[in-house]
Amino acid sequence: MLQACLNGTRRPDESPWVAVTAEELAAEARRAVDAGAEDIHLHPRDHHGHETLDAVVVRDVLQAVREAVGPGIPVGVTTGEWIERDPARRARLIESWTTLPDHASVNWHEDGADLVARTMTERGVGIEAGLFPGTGGPHAYLSSPFADRVLRVLIEIIRTPVARAPEEARGMVRRLSAVTSAPLLLHGEEDSAWTVLETAAELGLDTRIGIEDALTLPDGTPAEGNAPLVAAAREILSRDRNRVGG
């Protein structure tokens, strides 16, 4: 499965292709799906461009994106603690959602991960367990009562030098594969984004790409939106499948 991560915490001054409004996110999602994305991950923004868990904003974004991509494409959001530091208030905001995403990411190194996961489970929202190397996230996740109730595990190779990224990725995959049956999605960011995506392809794992993770194509050319990134990822994934098949 190839997921498109449309905007993340990016600011519009980083790239003219950072989608902020519901309309921009819908347009980027449609182009990404046309390029081969099978799943969408996004960060809803309010009219000031700030990330939010507000029920009205989440509703408007999800409705616009779903109308653009049509049925059959899951759409997910983030629940990152940088949006709302108080775990109890974060959970209350999730409880207030009137339109639900198909899934939402929970970073297990953040305070309140189990509370947020419980809230999403009660609401019937799939959980993407975000695990970062060099944090207590993997241990906290494996100790969690929700460890066997997640949709997938995101192995997020974040702030890792590109030369070390494949080794770090393979080590986390080995560790987690031995202790969980949940599907694994492996991805990197910035300079390591394409190296880690190639590692995911070699290992036959789900992966993701988009403006959240990378602003440039594999050759260093600035990406004009999420679609070119998804198309480049599709080429890598197809090349790896053909190599294995041959």
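# Exercises on a predicted barrel

Leucine 186 stands opposite threonine 207 in β8. The model is predicted, and the exercises below work outwards from this pair.

**Exercise 1.** State how β7 and β8 pair and over how many bridges, then trace how the chain crosses from β7 to β8.

Solution. Step one: the pairing of β7 with β8 is parallel and spans two bridges. Step two: between these strands the chain passes through helix α7, residues 193–203, in a right-handed β-α-β crossover.

**Exercise 2.** Find the other strand that threonine 207 of β8 serves, and describe its pairing with β8.

Solution. Step one: threonine 207 in β8 is the bridge partner of leucine 2. Step two: strand β1 covers residues 2–5 and strand β8 residues 206–209, which places leucine 2 in β1. Step three: β1 and β8 pair in the parallel sense, over three bridges.

**Exercise 3.** Determine which residues of β7 point each way, and whether strand β7 is enclosed or open.

Solution. Step one: in a regular strand, side chains alternate between the two faces of the sheet. Step two: in β7, Leu184, Leu186 and Gly188 point one way, while Leu185 and His187 point the other way. Step three: buried means under 20% relative accessible area, and five of the five residues of β7 (residues 184–188) are buried, so the strand is largely enclosed by the rest of the structure.

**Exercise 4.** Describe how β6 pairs with β7, and how the chain gets from β6 to β7.

Solution. Step one: strand β6, residues 152–157, pairs with β7 in the parallel sense over five bridges. Step two: one residue pair is isoleucine 157 with its bridge partner glycine 188 in β7. Step three: the chain crosses from β6 to β7 by way of helix α6 (residues 165–177), and this β-α-β crossover is right-handed.

**Exercise 5.** Place these strands in the whole barrel and give the average twist.

Solution. Step one: eight strands, paired in parallel, close into a barrel in the order β1-β2-β3-β4-β5-β6-β7-β8. Step two: from one strand to the next, the twist averages 25 degrees.

**Exercise 6.** Is threonine 78 buried or exposed, and what does threonine 78 contact?

Solution. Step one: threonine 78 belongs to strand β3, residues 75–78. Step two: its relative accessible area is 2%, so threonine 78 is buried. Step three: the threonine 78 side chain reaches the backbone nitrogen of glycine 80 at 3.1 Å. Step four: leaving aside neighbours within four places in sequence, threonine 78 is in contact with His41, Leu42, His43, Glu51, Leu53, Ile83 and Ser105.

Definitions and conventions:
Residues are numbered from 1 along each chain as its sequence is written. This is a predicted model: local features need pLDDT of at least 70, side-chain atom pairs count only at pLDDT 80 or more; totals for chains, interfaces and linings use all residues. Side-chain values use heavy atoms; hydrogens and water are left out. Two strands pair if DSSP finds at least two bridges between them. Helices (H or I, at least four residues) and strands (E, at least two) are DSSP runs, numbered from the N terminus. Axes are lines fitted to C-alpha atoms, for helices over the stretch in contact, and angles run from 0 to 180 degrees between N-to-C directions. Buried means under 20% relative accessible area, exposed over 50%, partly exposed in between (1.4 Å probe, protein chains only). A crossover is right-handed if, with the strands pointing away from the viewer, the path from the first strand over the helix to the second runs clockwise. A polar contact is a pair of N or O atoms within 3.5 Å; within protein, one must be able to donate a hydrogen and the other to accept it, and residues adjacent in sequence count only if both atoms are side-chain atoms. Contact means heavy atoms within 4.5 Å.
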